[in-house]
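Q: I'm new to this structure, so please take me slowly through one part of it. I'd like a close look at the salt bridges, with enough of the surroundings to see where they belong.

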Amino acid sequence: MINNYFLAMTQVVLRPGDIVHVGPEASVQFSGDRALNLRIIRVDPKVTYDGWMWIDGYVLGPAGNALQRRRIFVRRDGLRPERA
């Protein structure tokens, strides 16, 4: 199942409005209680390290409301799509 998850994520095009879970698989800085759900507002097209990307978005609270705007550097394969 995990292999299918990673395969699916590499084939998904991230777009503004998408919601992703950002946890330790995306970057060690999002381990434990630092994990978050992010509504994407921009995917930086700039080429970075292989498999990594900059994304801008809003951290979402439990009710789905925007709490804070963030710009984060994460592993693409570590992002987990969430339902809106």
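**The salt bridges and their setting**

A: Let's start with the chain as a whole: among contacts between residues at least 6 apart in sequence, 45% join residues at least 24 apart. Keep in mind that you're looking at a predicted model. The protein chain has one helix and five strands, and from the N terminus on they come in the order α-β-β-β-β-β. Of its 84 residues, 31% count as buried. The chain exposes about 5700 Å², and carbon and sulfur atoms supply 53% of that.

Now for the strands that frame our part. β1 and β2 run antiparallel to each other, paired over four bridges; there, His-21 stands opposite Asn-37 in β2. β2 also pairs with β3, again in the antiparallel sense, over five bridges. If you want a spot to look at, find Ile-40, whose bridge partner in β3 is Gly-57.

These strands also feed the largest nonpolar core, which has 14 residues. Val-20, Val-22, Leu-38, Ile-55, Ile-72, Val-74 and Leu-79 are the ones with the most contacts inside it. At least two residues of this core come from each of β1 (19-22), β2 (36-43), β3 (52-60) and β4 (66-75). Take Val-74: leaving out residues up to four places away in sequence, Val-74 touches Val-22, Ala-26, Phe-30, Gly-51, Trp-52, Met-53, Ile-55 and Leu-79.

With that in place, on to the charges. Side chains of opposite charge can pair when their charged atoms come close. Here the count comes to six salt bridges, and we can follow some of them from partner to partner.

Begin at Arg-42, which is partly exposed at 38% relative accessibility. Arg-42 forms a salt bridge with Asp-44, with the closest N and O atoms 3.7 Å apart. Is Asp-44 buried or exposed? Asp-44 is buried, since its relative accessible area is 11% and buried means under 20%.

Asp-44 has another partner, too: its side chain meets that of Arg-71 in a salt bridge, 2.8 Å from N to O. Asp-44 sits in the loop between β2 and β3 while Arg-71 belongs to strand β4, so this pair ties together parts 27 residues apart in sequence.

Next, stay with Arg-71, which counts as partly exposed at 37% relative accessibility. The side chain of Arg-71 also meets Asp-56 in a salt bridge, at 3.2 Å from N to O. This one links distant parts of the chain as well, with Arg-71 in strand β4 and Asp-56 in strand β3, 15 residues apart. Asp-56 is buried, with a relative accessible area of 7%.

Put the pieces together and you get one network: salt bridges that share partners join Arg-42, Asp-44, Lys-46, Asp-56 and Arg-71. To trace part of it on screen, go from Arg-42 to Asp-44, on to Arg-71, and then over to Asp-56. Along that path you pass from partly exposed Arg-42 to buried Asp-44, then through partly exposed Arg-71 to buried Asp-56.

How values were computed. Residues numbered from 1 in each chain as written. Predicted model: local features only at pLDDT ≥ 70, side-chain atom pairs only at ≥ 80, totals over all residues. Heavy atoms only, no water. Core = buried A, V, L, I, M, F, W, Y, C linked by side-chain atoms within 4.5 Å. Buried < 20%, exposed > 50% of the residue type's maximum accessible area, 1.4 Å probe, protein only. Contact = heavy atoms within 4.5 Å. Pairing = 2+ DSSP bridges. Salt bridge = Lys/Arg side-chain N within 4 Å of Asp/Glu carboxyl O. Areas by Shrake-Rupley, 256 points an atom, 1.4 Å probe, with all protein chains shown as cover.
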